[in-house]
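Please open the model in your viewer and keep the sequence panel beside it. The tour below goes from one selection to the next and says what is found at each stop.

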Amino acid sequence: MKIALPFENNNIFSHFEHASSFKIYEIENGKIVTMRFVPASDMPSIDINIMLCGNIGEDAKRGLLDKSVSIYDGFGGNADIAVKSFLSR
């Protein structure tokens, strides 16, 4: 499974559409196995399963849903902690 989030300065960037980069987490057996950073311009070509974000507009949400990406908004703070918290649900 791959989880992505808009990223800046170790934190989830507050607004999806204005993010300049994203952090991608590869998850296996409920654990983070790899992390990488990608520029926002590369995101459309990357297959992900889940997007964690703070705020996201309807057009962006629709685009992700059309790709069968599950969206969880309302996240903020440290990116690694947010992903670990999400995985512990």
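A residue is called buried when its relative accessible area is under 20%, exposed when it is over 50%, and partly exposed in between, with a 1.4 Å probe and protein chains only. This is a predicted model, in which local features need pLDDT of at least 70 and side-chain atom pairs count only at pLDDT 80 or more, while totals for chains, interfaces and linings use all residues. Residues are numbered from 1 along each chain as its sequence is written, and side-chain values use heavy atoms, with hydrogens and water left out.

**The whole chain**

Begin with the chain in cartoon view, where there are 2 helices and 6 strands; helices (H or I, at least four residues) and strands (E, at least two) are DSSP runs, numbered from the N terminus. Following the chain from the N terminus, you meet the elements in the order β-β-β-β-β-α-β-α. The C-alpha atoms fill a box of roughly 30 × 25 × 25 Å along the principal axes. The radius of gyration is 12 Å, which agrees with the value near 12 Å for a compact globule of 89 residues; this radius is taken over C-alpha atoms, and the globule rule is 2.2 Å times the number of residues to the power 0.38.

Now switch to a surface view, in which the chain exposes about 5200 Å², with carbon and sulfur atoms supplying 46% of that area; accessible areas come from the Shrake-Rupley method with a 1.4 Å probe, and for residues only the protein chains shown count as cover. Of the 89 residues, 37% count as buried. If a contact is taken to mean heavy atoms within 4.5 Å, then residues 24 or more positions apart account for 46% of the contacts with a separation of 6 or more.

**Stop one: two loop residues**

Select N9, which is placed in the loop between β1 (2-8) and β2 (11-12). N9 has a positive phi of about 50° although it is not a glycine, and it counts as exposed because its relative accessibility is 63%.

Then select S68, in the loop between α1 (58-66) and β6 (70-72). S68 is not a glycine, yet it has a positive phi of about 65°, and with a relative accessible area of 62% it is exposed.

While this loop between α1 and β6 is on the screen, select K67, which is also found there and is partly exposed, with a relative accessible area of 47%. Should you wish to draw a distance from K67, take V83 as the other end: the two are 16 residues apart in sequence and 21 Å apart in space, C-alpha to C-alpha.

**Stop two: a loop residue with many neighbours in the list**

Move on to M43, in the loop between β4 (31-39) and β5 (50-52). Is M43 buried or exposed? M43 is buried, since its relative accessible area is 10%. Leaving aside residues up to four places away in sequence, M43 touches A4, F22, I24, V38, I48 and M51. For one of these, A4, the separation from M43 is 39 residues in sequence and 9.2 Å in space, C-alpha to C-alpha.

**Stop three: the charged side chains**

Colour the chain by charge, counting Lys and Arg as positive and Asp and Glu as negative, with His and the chain ends not counted. There are 9 positive and 11 negative side chains, and the centres of the two sets lie 6 Å apart, where the place of a charge is taken as NZ of Lys, CZ of Arg, CG of Asp or CD of Glu.

A salt bridge is a side-chain nitrogen of Lys or Arg within 4 Å of a carboxyl oxygen of Asp or Glu, and by this rule the count comes to 3. Select D80 and K23, a salt bridge whose closest N and O atoms are 2.8 Å apart. This pair links distant parts of the chain, with D80 in helix α2 (residues 79-87) and K23 in strand β3 (residues 21-28), 57 residues apart. D80 is partly exposed at 26% relative accessibility, whereas K23 is buried at 5%.

Next, go to helix α1 and select K61 and E58, whose salt bridge has its closest N and O atoms 3.9 Å apart. Because K61 and E58 are 3 residues apart in this helix, about one helical turn separates them. K61 counts as partly exposed at 22% relative accessibility, and E58 as exposed at 52%.

Finish with R62 and D59, which form a salt bridge with the closest N and O atoms 2.6 Å apart. R62 and D59 are also 3 residues apart in helix α1, and therefore separated by about one helical turn. R62 is partly exposed at 45% relative accessibility, and D59 is exposed at 60%.
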